[in-house]
Amino acid sequence: MLWASSLAKSYPPRRMFADVSVQLAPGRRVALVGGNGIGKTTLLEILAGINEPDEGEVHRQSALTIGYLPQELTEITEGTVLEATLAGAGDITAMTAELRSLEARLADVDAADHDDVLARYGELEAHFRQIGGYGFEAEAHRVLAGLGFAADDAQRPVAQLSGGWRMRVALAQLLLAKPDVLLADEPTNHLDVDSVAWLEDQLATWEGGLLFVSHDRDFIDAVANRVIEMDGTTAHEHVGGFAEFVVAREERIAAAEAAAAQQARRRAHTERFIERFRYKATKARQVQSRIKALAKLAPVEVPSRKELAARFGFGTPRRSSRVVVEMIDASVGYADGDAPVLEGVDLVIERGTKVGVVGPNGAGKTTLLRVLQGELGVLGGELHRGRNVDMATFAQHLAEVMDPRRSVVEEFTASVGDQPGRNVRTMLGGFGFPGDAADRKVADLSGGERTRLALGITMANPVNLLVLDEPTNHLDLPSCDLLEDALSVYPGTVLLVTHDRHLIRSVADSLIVVRDGTATLHPGVDEDLLRPPGLSTRRTAGGSTGGRVAESQLDGSAEVPTSRAVAAERRREGASKRRAVHDATAGLRRELAAAERAWEAAEHRVAELQALLGEPDTYDDPERARQVAEDYGTAKSDAMRHMSECEALQRRIDRAAADL
């Protein structure tokens, strides 16, 4: 469907890549990985037709549709969220508008062109039904819900949304349009863990070609069946998910190292021959032959094994009290008459713990963080902060407010200041800016490099509480590794808001789940808490299951079963909890069952009327055709209303269960 051969691109004096080839066929889902500033976004733009290669060609089949999700904010500003999403499929949107126009004209039975209008309506409606047009709006609502939009957000003007939510609209538009080839530059950047898990399930069965940039190992493993790695010179393709990519890459590096070692031995042997017989006349021809052979011998390129390990030297923070912050039956929100955002919050965060904060966007994570940071008080209940707590906070805007005229070392020094006994350049080297890289201008850094610099600035000061809000956005995989290593050895307390499940799993020792109007602290990292309720853990694209189970099977560290007595006690506790939940939600479940029956009946009515609209006989009687079309619109509204009632009741049931 789309293939590119021998692509090369330079921005003098720098050559970004050369001899890169890509093939995107139906069902081929490719993850594109590599360091920041190495040319991943440029390659996507070339494939999308936005940029031109210096060398090579891109071949696209005729009538091929390509969807491109850029990393930066799109220009979607017109209409409501639903209208902007539906605009992703222009043909169906245009047909819907024409059908509505024809329906209005059919109301005038005395019009001279009535028969022509009726014939056009029948023809257009039949085609509309054939391509699934009647279910298109319902599909748009499903996609928006999966990406975190509430039901009433569908009618909000896009112009009122933040940049992150506009990016979600752009993604919804592409998912609904189902282009033949989808190119996505870090599609998970503006999503929460629930939406990432949902998107993962959608793309894992994508029928077209897919090429996406991501630093999320779990996401790559679940979606990709191939990985292309860009290494600063060219690209290497590996079949399988991320785990298979790591193995294949190590094998490739080992083979290159062996070839380089063999070449070095041959070179040394030849050089000894030349040196020994250089001045011997009988060997002159052989010596000259070997000198020419050495000159032609191209060195074997060995991929770098350099890994950004935990080299970052933290300052020694002062010791805080054992309890950093505690909330008891607290209500959280804004004292402006509105209902609290969160209620019944009981949390104790102790010194030295590393806590992941997860939950859908809009659930109250930011509000909770503001309380924990001391920017907000509580509306009710108790809030106690510890003594000697020094805090540093990272948020994405820090990467956007740097002075582009400064060098990296100047920006770092201006923000951090002089720290006795610590060399600024050594500190920068620990965060991936060694040597001359520290002298680059901020304006010349990629988005990921700016994020990495902002993280270095945040983590350089000796504080005992780090609050990190989505620190991995725009980072490449090596930078994520660096962050993971740095946080693992950090001596203080960490509050980490992120959608990167691998980072949570690697760093956090407990989770705060913000959902359904409250926040709950869970010891450990339960894999089920990293996916939205009802979305089961499924097998990854590479064939392994995600999460701790798969990792423990690989490294042999599976948890040893506890004693029978403890297991029996856990079963009894589980049974008791299930009975309590059953009793507490019995009334709500009866209401839900009735609402579901009403929804099913409404959907059945929609199907009946849709079938009538597809029958040519319907249009023999213009009045009947008009009435059926009107009834169909009413039935659709009823079905949507019953669906919303079911969703609201299910949320109440889930909230009641969580309270127990």
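This report walks through two sheets, several helices and a buried strand pair in the structure above. The model is a predicted one, so please read every value below as computed from that prediction.

## The three-stranded sheet

Let's start near the beginning of the chain. Here three strands make an open sheet, ordered E2-E1-E4, and their pairing is antiparallel. E2 and E4 are the edge strands, each with a single partner, so each has one side without a neighbour in the sheet. From one strand to the next, the twist averages 20 degrees.

Strand E1 covers residues 2–11, and it pairs with E4, residues 55–60, in the antiparallel sense through five bridges. Two of the positions involved are easy to find on screen: Leu2 has Arg60 of E4 as its bridge partner, and Ser5 has Glu57 of E4. E1 is also joined to E2, residues 14–24, by seven bridges, again antiparallel. On that side, Ala4 is bridged to Val22 in E2. E1 and E2 make a hairpin, with two residues between the strands.

A helix goes with this sheet as well. H1, residues 40–48, lies across E1, E2 and E4 and runs at about 130 degrees to E1.

## The six-stranded sheet

The next sheet is also open, with six strands in the order E5-E6-E7-E3-E8-E9 and mixed pairing. Its edges are E5 (66–69) and E9 (235–239); each has a single partner strand, so one side of each is left without a neighbour in the sheet. The twist averages 15 degrees from strand to strand.

Within this sheet, E3 (residues 29–34) and E7 (residues 209–213) run parallel and are joined by four bridges. If you would like a landmark there, look for Leu32, whose bridge partner in E7 is Val213. Helix H6, residues 163–177, lies across E5 and E6 (181–185), and its direction is at about 165 degrees to E5.

## Strand pairs side by side

The table gathers the strand pairs described in this report, with their bridge counts.

| Strand pair | Sense | Bridges |
|---|---|---|
| E1 (residues 2–11) and E4 (residues 55–60) | antiparallel | five bridges |
| E1 and E2 (residues 14–24) | antiparallel | seven bridges |
| E3 (residues 29–34) and E7 (residues 209–213) | parallel | four bridges |
| E12 (residues 354–358) and E17 | parallel | four bridges |
| E17 and E18 (residues 518–523) | antiparallel | six bridges |

## Strand E17 and its partners

How many of the six residues of strand E17 (residues 510–515) are buried? Six of the six are, so the strand is largely enclosed by the rest of the structure. Its two faces are both covered: Ser510, Ile512 and Val514 are buried on one side, and Leu511, Val513 and Arg515 on the other.

E17 has a parallel partner in E12, where Val355 is bridged to Ser510 of E17. It also pairs with E18 in the antiparallel sense, and there Val514 has Ala519 as its bridge partner. The hairpin of E17 and E18 has two residues between the strands, and in it Asp516 takes a positive phi near 55 degrees.

Val358 is a good residue to click on in this part of the model. It belongs to strand E12 and is buried, with a relative accessible area of 2%. Leaving aside residues up to four places away in sequence, Val358 touches a set of residues including Leu511, Ile512, Val513 and Val514, as well as Val193, Lys365 and Leu530. Val358 and Arg501 lie 143 residues apart in sequence, while their C-alpha atoms are 9.6 Å apart in space.

## Helix H7

One contact of Val358, Val193, leads us to helix H7, residues 193–203. Of the 11 residues in H7, 10 are buried, so the helix is largely enclosed by the rest of the structure. Among the buried residues are Val193, Trp198 and Leu203, together with Asp194, Glu200 and Asp201. Asp192 caps the N-terminal end of H7, with a side-chain oxygen 3.1 Å from the backbone nitrogen of Asp194.

## Helices H14 and H15

Our last stop is a helix pair. The axes of H14 (residues 447–460) and H15 (residues 477–489) come within 11 Å and cross at roughly 10 degrees. The two helices are therefore roughly parallel to each other. Arg452, Leu455 and Met459 of H14 meet Ser479, Leu483, Ala486 and Leu487 of H15. Sorted by class, this contact has five nonpolar residues, one polar and one charged.

How values were computed. Residues are numbered from 1 along each chain as its sequence is written. This is a predicted model: local features need pLDDT of at least 70, side-chain atom pairs count only at pLDDT 80 or more; totals for chains, interfaces and linings use all residues. Side-chain values use heavy atoms; hydrogens and water are left out. Two strands pair if DSSP finds at least two bridges between them. Buried means under 20% relative accessible area, exposed over 50%, partly exposed in between (1.4 Å probe, protein chains only). A polar contact is a pair of N or O atoms within 3.5 Å; within protein, one must be able to donate a hydrogen and the other to accept it, and residues adjacent in sequence count only if both atoms are side-chain atoms. Axes are lines fitted to C-alpha atoms, for helices over the stretch in contact, and angles run from 0 to 180 degrees between N-to-C directions. Contact means heavy atoms within 4.5 Å. Angles under 35 degrees count as roughly parallel, over 145 as roughly antiparallel, 65 to 115 as roughly perpendicular and the rest as oblique. Ala, Val, Leu, Ile, Met, Phe, Trp, Tyr, Cys and Pro count as nonpolar, Asp, Glu, Lys and Arg as charged, and the others, Gly among them, as polar.
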